[in-house]
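Q: Got a minute to go through this one with me? I'd like to talk about the fold in general and then the charged side chains.

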Amino acid sequence: MNTNNQTELNLDLEAKQLMEEASSSTLTDEQYRKKMQRRKEVQDKRIAQAVPEKGLIIVHTGNGKGKTTAALGMVLRSLGHGYKVAIVQFIKGAWEPSEKKVFSLWLDQLEFHAMGEGFTWETQDRDRDLEKAQAAWQKGLEYIRNPDFKLILLDEINIAIKLGYLRVEEILDGLAQKPADKHVILTGRGAPTALIEHADLVTEMTLVKHPFRDQAVKAQPGIEF
């Protein structure tokens, strides 16, 4: 481990320790103030040592809900900053997603492509599904290479990889072609290990309870679509 990494680790550990100590109900107001003052010093030092900007590869995976929703939050932030954004949806596309209607308000900044034809048990045509996944990947790759776009969302691409429609090696090769300042988000359960290891930010959504599984509640507008 190099010196910079060790310093960052030490600061991270100190920050966690300070927050744990500050949660004690036995601290006086003065003791709490001093710990928070030191906590601020640690945070300021961490920020000062951080890299100003880097294009990130972001993975949202896991069996829990919210993977696409969290990604769309980043899309909204990017649009708010005036950046150009592209969304390519794999698997989805048999219906008109409500997100597409909302994002039509940003026609000058956003390009949205729902390129699937539904879930595999609905299409029942592996060759057709594979063809659609490959077409969606080629569309996504165009945006990954295009320096005009700041953020690319490849929605449910992890599912396409898991089903064997795409090879993780070709995805990693494509990601290597992105400009240094571009962010790419890849969503979907079952993200392969190679992609997770390559990513800069990985979030796993954990399923605790689900209304369909636990209560047989159908997908509802505003929640699932």
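What follows is a quick chat about the overall make-up and some salt bridges.

A: Sure, just keep in mind that this is a predicted model.

Q: OK, what does the secondary structure of the chain come to?

A: The chain has 10 helices and six strands. Its C-alpha atoms fill a box of roughly 65 × 45 × 35 Å along the principal axes.

Q: And how much of the chain is buried?

A: Buried residues are 37% of the 225 residues.

Q: Switching to charges: how many positive and negative side chains are there?

A: There are 31 positive and 33 negative ones, and the centres of the two sets lie 3 Å apart.

Q: How many salt bridges does the structure hold?

A: It holds 13. One of them pairs Asp12 with Arg46, with the closest N and O atoms 3.2 Å apart.

Q: What does that Asp12 and Arg46 pair tie together?

A: Asp12 is in helix α1 and Arg46 is in helix α2, so the pair links parts that are 34 residues apart in sequence.

Q: Is Arg46 buried or exposed?

A: Arg46 is buried, at 19% relative accessible area, while Asp12 counts as partly exposed at 21%.

Q: Which salt bridge sits within helix α2, about one helical turn apart?

A: Lys40 and Asp44, at 2.8 Å from N to O. They are four residues apart in helix α2. Lys40 counts as exposed at 51% relative accessibility, and Asp44 is partly exposed at 38%.

Notes:
Residues numbered from 1 in each chain as written. Predicted model: local features only at pLDDT ≥ 70, side-chain atom pairs only at ≥ 80, totals over all residues. Heavy atoms only, no water. Helix = DSSP H or I, 4+ residues; strand = E, 2+ residues; numbered from the N terminus. Buried < 20%, exposed > 50% of the residue type's maximum accessible area, 1.4 Å probe, protein only. Lys, Arg positive; Asp, Glu negative; His and termini not counted. Charge placed at Lys NZ, Arg CZ, Asp CG, Glu CD. Salt bridge = Lys/Arg side-chain N within 4 Å of Asp/Glu carboxyl O.
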